[in-house]
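Subject: Structure for you to look at

Hello,

Here is the structure I said I would pass on. Please open it first, then read the notes underneath with the structure beside you.

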Amino acid sequence: MLKAIVFDFDGVIVDSEPAHYKAFLAIAKPLGMEFSYDEYLREYVGFDDRDAFRHIFAKLGQPEPTDAKLAQLIEDKARAFEDIVDQGMDTIPGVLDLIAEARAASFPIAIASGATRRDIDHILKGLKITGGFDPIITADLVAHSKPDPTSYALAVEGLAKRLPALNLQPGECLSIEDTAAGIASARGAGLMSLGLTTTGTADKLHQAQRVIPNLEGVTLAKLRQWFED
């Protein structure tokens, strides 16, 4: 039985990867690093900000940044990202309708993302869809980014704690993801997975049980049809 949905954020709720790319590039250029959007999609999507900057320093042949330096880079990138987001952010087709249906039906929903809580709160506020997601698991709460399964494990634990009467198990939760790393994270935590080709091609999402272009026309009834025995 499908009892809960755990959404990834970037590429699942909002089409934010181009904005993340521009923000990373704005900070990376002064460090001597430039990369194309295709390279960003190949190498950086799935990383949280910490691991993305560690990857940049490794490619530059430099020692891993100190915690203080990393914190400053993440802060600079967050400010650049917010400036870009404030110019407008598209949502993934169908996602707002699915979220609205879930909220109206009191169907449990959560977020498990490699983004920071600051980024997520800023975007949700702009979209006027704050509330409803509980818990929201972000990069701030885990030591390792996806494909490490901790993000999804914490999301299920949070849902189970909030809703003890459901006796919720990981296999009764559906993850909605757009990257191979995210799907590996969800599957590693025992969740079912729906893949979206909003960021990459379907062949990269082969660990998902079903892959679709976006969430246009996707309802709770359709998800139950797809994922319940």
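A salt bridge here means a side-chain nitrogen of Lys or Arg within 4 Å of a carboxyl oxygen of Asp or Glu. By that rule E75, R79, E82 and R118 are linked in a network of salt bridges. Please keep in mind that this is a predicted model.

Salt bridges

The search of the whole structure gives 16 salt bridges. Part of the network just named is the contact between R79 and E75, with N to O at 2.8 Å. These two residues sit in helix α4 (residues 67-85), 4 residues apart, which is about one turn of the helix. An α-helix has 3.6 residues a turn, so residues three or four places apart point the same way. How exposed are the two partners, R79 and E75? R79 has 49% relative accessibility and counts as partly exposed, because exposed would need over 50%. E75 is partly exposed as well, with a relative accessible area of 25%.

Helix α6 (residues 117-127) holds a pair with the spacing of 4 residues, about one turn of the helix: D121 and R117. Their closest N and O atoms are 2.9 Å apart, and they form a salt bridge. D121 is partly exposed at 35% relative accessible area, and R117 is partly exposed at 36%.

Another salt bridge joins the side chains of K146 and D8, at 3.0 Å from N to O. Where in the chain do K146 and D8 lie? K146 is in the loop between β3 (133-137) and α7 (150-162), and D8 is in the loop between β1 (4-7) and α1 (17-28), so this pair ties together parts that are 138 residues apart in sequence. Both K146 and D8 are buried.

Strand β1 and its neighbours

The strand before D8 is β1, which is covered on both faces. A4 and V6 on one side, and I5 and F7 on the other, are all buried. Which strands does β1 pair with? With strand β4 (residues 173-177) it pairs in the parallel sense over 4 bridges, and I5 stands opposite L174 there. With strand β2 (residues 109-112) the pairing of β1 is parallel too, over 3 bridges. The bridge partner of V6 in β2 is A110.

Helix α1

Is α1 mostly enclosed or mostly open? Of its 12 residues 9 are buried, so α1 is largely enclosed by the rest of the structure. The buried residues include E17, H20, Y21, F24 and L25. The length of α1 was checked too: at 1.5 Å a residue, its 12 residues should span 16 Å, and the end C-alpha atoms are 16 Å apart, which agrees.

The largest pocket

Rolling a probe the size of a water molecule over the atoms shows where empty space is left. The largest pocket has a volume of about 250 Å³. It is lined by 14 residues, and those nearest its centre are L41, R42, V45, G200 and K204. The elements giving two or more residues to this lining are α2 (37-43) and α8 (180-188). Of these, α2 gives the most, with 4 residues. By type, the lining of the largest pocket divides into 5 nonpolar, 4 polar and 5 charged residues.

Regards

Technical notes
Residues are numbered from 1 along each chain as its sequence is written. This is a predicted model: local features need pLDDT of at least 70, side-chain atom pairs count only at pLDDT 80 or more; totals for chains, interfaces and linings use all residues. Side-chain values use heavy atoms; hydrogens and water are left out. On a 1 Å grid over the protein atoms alone, a cavity is a set of points where a 1.4 Å probe fits but cannot get out, and a pocket is an open set with protein on both sides within 12 Å along at least five of seven lines; lining residues have an atom within 4 Å of a point. Grid points are joined across faces, edges and corners, and a volume is the space filled by probe spheres set on the points. Ala, Val, Leu, Ile, Met, Phe, Trp, Tyr, Cys and Pro count as nonpolar, Asp, Glu, Lys and Arg as charged, and the others, Gly among them, as polar. Buried means under 20% relative accessible area, exposed over 50%, partly exposed in between (1.4 Å probe, protein chains only). Two strands pair if DSSP finds at least two bridges between them. The expected span of a helix is 1.5 Å times one less than its number of residues.
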